[in-house]
Structure formats: structure tokens, C-alpha cells
Amino acid sequence: MMNFHILTLFPEMVMQGLHTSILGRAAEREYISIEAVNIRDYTLDKHGKVDDYTYGGGAGMLMQAQPVYDACQAVQERLLQRNGANAGRARVIYVTPQGRTFNQSIAQELAQEDDLIFLCGHYEGIDERVLEEIVTDEISIGDYVLTGGELPAMVMIDAIARLVPGVLHNTDSAVTESFGDGLLEYPQYSRPEVWHNKKVPAVLMSGDHAKVDAWRMEQSIMRTKERRPDLYEAYIARMERN
Ligand code: ADE
């Protein structure tokens with residue numbers, strides 16, 4: 001069972017999004033758990049304020065250190081109670097365009113953890129001092145800027161959760177598809193056999209599993225070469241090494 005803890009000002013956004021479809025079923029069956037912690041619940045400000053102007057001026061508001069720190073400590077302390085004092089502290093991932101770029105191998109690495117804490121910023125970001133104290137990993141989902149960390153956290157959690165044993169029905173589908181072996185997926189077809197005058201490739205109707213596998217592999221390699229020459233080069237280099 002893998003436990004995701006999300007520190008956010010918008011808990012309903014992440015809870016809705018992550019309790020749908022496959023991840024919803026995985027949570028029901030207790031392969032994963034997803035908890036949203038509302039940072040606002042931890043503010044000591046009597047009006048519930050969690051943000052303020054930035055020193056030095058400039059546009060926008062910044063999330064303040066105190067509520068973020070206390071929300072994170074509350075989760076870490078709960079985990080310590082559960083796991084015993086000699087268990088390590090959970091990794092805290094700050095979701096930010098300044099982090100290293102997320103990919104399948106980072107997803108695989110993070111899927112080995114029992115607990116992950118995601119810190120979602122909003123507004124112009126978070127006071128640097130609290131980041132220095134609590135964050136272990138900074139990860140981006142790509143070179144574009146979103147309004148908050150919730151969507152990137154959801155993207156990463158989806159990619160990680162589907163690697164947790166039991167989450168996907170088919171145990172090898174997490175391995176065979178795109179990026180599992182560094183190649184893009186082959187094209188797929190379902191009924192009917194002819195649609196808009198287009199026939200399903202004959203090899204797929206042949207019942208010859210070895211031929212089907214060989215065709216799919218060849219399609220994967222061709223697609224990767226055409227669409228993602230960078231991945232193709234890496235694949236060839238790996239093949240030559242082995
Ligand atoms: N917050 C805003 N934009 C982001 C991005 N691209 N990746 C991660 N966190 C973000």
C-alpha cells in the first residue's frame with residue numbers, strides 16, 4: 001500500500017481528480033491511499049490568512065512559512081507515530097517549474113516509497129525559508145507555468161500510482177506500454193474489422209502470436225524512430241551495449 005499526502009489550499013480539487021476511474025478503484029481496494037491536507041487548517045492567523053506580500057515588492061502574494069511548515073510537520077509526526085521513531089522521514093516533493101523534469105524513471109523511483117508528501121504552491125510561490133527546511137525533492141512536470149502545483153502533483157501521483165502492484169489489472173501492462181522499455185506504443189485496433197473503409201492489419205487477425213509480437217515490436221521501433229528520435233537513439237545505444 002502506498003500513501004500519498006498532498007499539502008494544498010485546494011483539497012477538493014485533488015481529491016476529486018484522484019478518486020476517479022482506476023485510481024479511485026485502487027484507493028477503494030487499498031492499494032493506495034490519497035489524503036489531502038488543507039494548509040489553511042494550520043494557519044495561526046485569526047482570519048485564516050495563509051499568504052502575504054513579498055518583501056522587496058513586486059507582483060502577487062506568497063504563501064507564508066508557518067502554515068506550510070505546520071501542515072507538513074503534522075503529516076510527518078503522524079507517520080512517525082505509525083512507523084516508529086527509527087523509520088526515516090517521508091520525502092517531501094515540492095512541485096515547481098524550477099525542479100528536475102519528471103519522467104518515467106523518476107516515477108519508478110518514487111513508486112518504491114511507502115509515503116510521499118507533495119507540497120503544492122499557489123500564488124507566486126512559497127517563502128524560501130520553509131522550503132529549505134522541509135523539502136527533499138523539487139520536481140517540475142515540464143517547461144511551462146501553471147497557476148498552482150495541484151495539477152502537476154496529480155500528474156505525478158497518477159504516473160506513480162499506476163506502478164504500484166495491484167493498481168492495474170494487467171500486471172505487465174505497466175511494463176509493455178510506452179516508456180516501459182523506452183519505446184512508444186504500437187498502434188492498436190478493436191472491432192469492427194473494417195471501419196471507414198480501413199481494414200485492421202492482417203497480421204493481427206492471423207492468430208499467430210509470435211508474428212503479432214514481432215509486428216508490434218517493429219511498429220514500436222518505427223514509431224519511436226519517426227516521432228521521438230531522441231528516444232530511438234537512446235534505445236539503439238542500449239541495445240548495442242547489451
Ligand atoms: N507549478 C507551476 N507550473 C509547474 C510545472 N510546470 N511543474 C511543476 N509545478 C508547477
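Student: What's the mix of nonpolar, polar and charged residues in the shell around the ligand?
Tutor: In this predicted model, that shell has eight nonpolar residues, four polar ones and no charged ones.

Student: Okay, which residues are they?
Tutor: From the earlier part of the chain you get Val95, Thr96 and Pro97. Then there's Ile139, Ser140, Ile141 and Gly142, followed by Tyr144, Val145, Leu146, Gly148 and Pro152.

Student: Which backbone atoms sit by the ligand's nitrogen atoms?
Tutor: Tyr144 has a polar backbone atom 2.7 Å from a nitrogen atom of the ligand. For Ile141, a backbone N or O atom lies 3.0 Å from a ligand nitrogen. Leu146 also has a backbone N or O atom 3.0 Å from a nitrogen atom of the ligand.

Student: And how much of the ligand does the protein bury?
Tutor: The protein buries 95% of the 260 Å² that the ligand exposes when taken alone.

Student: What kind of space does the ligand take up?
Tutor: The ligand's space is the largest pocket.

Student: Which elements give two or more residues to the shell?
Tutor: Those are strand 5 (91-101) and strand 7 (137-140).

Student: Which strand gives the largest share?
Tutor: Strand 5 does, with three residues.

Student: Switching topic: how is the whole chain divided up?
Tutor: Into domain 1, covering 2-161, and domain 2, covering 177-241.

Student: What distance separates their centres?
Tutor: The centres of domain 1 and domain 2 are 37 Å apart, taken over C-alpha atoms.

Key: Residues numbered from 1 in each chain as written. Predicted model: local features only at pLDDT ≥ 70, side-chain atom pairs only at ≥ 80, totals over all residues. Heavy atoms only, no water. Near = heavy atom within 4 Å. Polar contact = N/O pair within 3.5 Å; in protein donor to acceptor, adjacent residues only side chain to side chain. Areas by Shrake-Rupley, 256 points an atom, 1.4 Å probe, with all protein chains shown as cover. 1 Å grid on protein atoms, 1.4 Å probe; cavity = no way out; pocket = protein on both sides within 12 Å on 5 of 7 lines; lining within 4 Å. Sits in = over half its atoms within 2 Å of the grid points. Helix = DSSP H or I, 4+ residues; strand = E, 2+ residues; numbered from the N terminus. Nonpolar A, V, L, I, M, F, W, Y, C, P; charged D, E, K, R; others polar. Domains from an automatic or database assignment.
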